[in-house]
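The exercises that follow ask you to read a structural model closely, and each is paired with a worked solution. Please look over the sequence and the coordinates before starting.

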Amino acid sequence: MVFEYNMLALMTLIFLFAFVPSSLAKLKTFGGKWLASNRNPVEGKQLSGWGARVERAHNNLKDNFPGFVVAILVLGQLNKFDNQTYWLSLGYVLARILHFIFYGAGFVPGRFLAYTSGLIFNVWLLIKIIL
């Protein structure tokens with residue numbers, strides 16, 4: 001299989017399971033009954049620290065992943081995969097993994113660098129569609 005499609009598959013797996021850390025934090029904070037419910041707000045309780053950060057990291061991933069999906073699928077359809085798309089897709093996946101880790105750890109400089117890198121890699125892939 002083409003490397004870029006492998007990166008898309010890997011990123012999709014990460015996307016599908018990125019909810020797990022925040023769900024574990026919610027389980028610890030609100031309990032299993034709440035987690036299995038319609039999730040009405042619990043008075044006096046909210047996610048804090050690590051749990052809140054991984055939930056925001058997951059939300060950020062949900063915002064940024066669709067652009068990568070479009071880039072890889074359209075580039076593949078147009079037969080535009082090359083050495084550059086290889087490295088850009090790898091860079092995007094690594095940047096998104098690091099972003100999630102740094103966000104959860106509260107390491108703001110690393111989070112910023114990983115987010116910015118991932119965004120640049122994704123925009124570059126999208127620009128390659130029209131060039």
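## Exercise 1: Two sites in one helix

P109 has its place in helix 6, and the model in which it is found is a predicted one. Determine whether P109 is buried, partly exposed or exposed, and do likewise for S117.

Solution. Begin with P109, whose relative accessibility is 55%; the cut-off for an exposed residue is over 50%, and therefore P109 counts as exposed. Next take S117, which also lies in helix 6 and has a relative accessible area of 23%. Because buried means under 20% and exposed means over 50%, the value of 23% makes S117 partly exposed. Finally, place both residues against a partner elsewhere in the chain: the C-alpha atoms of P109 and P66 are separated by 25 Å, with their positions 43 residues apart along the chain, while S117 and F102, 15 residues apart in sequence, have C-alpha atoms 13 Å apart.

## Exercise 2: The overall fold

Describe the secondary structure of the protein chain, its extent along the principal axes and the share of its residues that are buried.

Solution. The first step is to list the elements, which gives six helices and zero strands, so that the pattern read along the sequence is α-α-α-α-α-α. The second step is to take the spans of the C-alpha trace along its principal axes, which come to about 55 × 30 × 20 Å. The third step is to consider burial, and here buried residues account for 36% of the 131 residues in the chain.

## Exercise 3: Salt bridges

How many salt bridges does the structure hold, and which parts of the chain does the pair K26 and E55 link?

Solution. The structure holds two salt bridges. One of them joins K26 and E55, whose closest N and O atoms are 2.8 Å apart; this pair links distant parts of the chain, since K26 belongs to helix 2 (residues 19–30) and E55 to helix 4 (residues 50–77), 29 residues apart. With regard to accessibility, K26 is buried at 16%, whereas E55 is partly exposed at 26%.

The other salt bridge is formed by K128 and D82, with 3.1 Å between the closest N and O atoms. K128 lies in helix 6 (residues 108–130) and D82 in the loop between helix 4 and helix 5 (83–105), so this pair ties together parts that are 46 residues apart in sequence. Here K128 counts as buried, at 15% relative accessibility, and D82 as partly exposed, at 35%. As general background, side chains of opposite charge can pair when their charged atoms come close.

## Exercise 4: Cavities

Find the cavities of 30 Å³ or more, and state which residues line the largest cavity and which line the second largest cavity.

Solution. The count comes to two cavities of 30 Å³ or more. The largest cavity has a volume of about 40 Å³, and its lining consists of N64, Y92, R96, Y115, G118, L119 and N122. Sorting these residues by element shows that helix 5 and helix 6 each supply at least two of them, with helix 6 giving the largest share, namely four residues. Sorting them by class yields three nonpolar, three polar and one charged.

The second largest cavity holds about 30 Å³ of space and is lined by M11, I14, A57, L61, R96, I97, H99 and F100. In this lining, helix 1 (3–17), helix 4 and helix 5 each provide at least two residues, and the largest share, four residues, comes from helix 5. By class, the lining has six nonpolar, one polar and one charged residues. A comparison of the two lists shows that R96 appears in both linings.

## Exercise 5: A nonpolar surface patch

Which residues make the nonpolar surface patch of about 640 Å², and which helix gives the most to the patch?

Solution. The patch is made by L13, L16, F17, F19, V20, L24 and L27. Assigning these residues to elements, one finds that helix 1 and helix 2 each supply at least two; L13, for example, is found in helix 1. Helix 2 gives the most, with four residues.

Key. Residues are numbered from 1 along each chain as its sequence is written. This is a predicted model: local features need pLDDT of at least 70, side-chain atom pairs count only at pLDDT 80 or more; totals for chains, interfaces and linings use all residues. Side-chain values use heavy atoms; hydrogens and water are left out. A salt bridge is a side-chain nitrogen of Lys or Arg within 4 Å of a carboxyl oxygen of Asp or Glu. Buried means under 20% relative accessible area, exposed over 50%, partly exposed in between (1.4 Å probe, protein chains only). On a 1 Å grid over the protein atoms alone, a cavity is a set of points where a 1.4 Å probe fits but cannot get out, and a pocket is an open set with protein on both sides within 12 Å along at least five of seven lines; lining residues have an atom within 4 Å of a point. Grid points are joined across faces, edges and corners, and a volume is the space filled by probe spheres set on the points. Ala, Val, Leu, Ile, Met, Phe, Trp, Tyr, Cys and Pro count as nonpolar, Asp, Glu, Lys and Arg as charged, and the others, Gly among them, as polar. Patches are made of residues with over 30% relative accessible area and no salt bridge: like charges are joined within 9 Å, nonpolar side chains (Val, Leu, Ile, Met, Phe, Trp, Tyr) within 5 Å. Accessible areas come from the Shrake-Rupley method with a 1.4 Å probe; for residues, only the protein chains shown count as cover.
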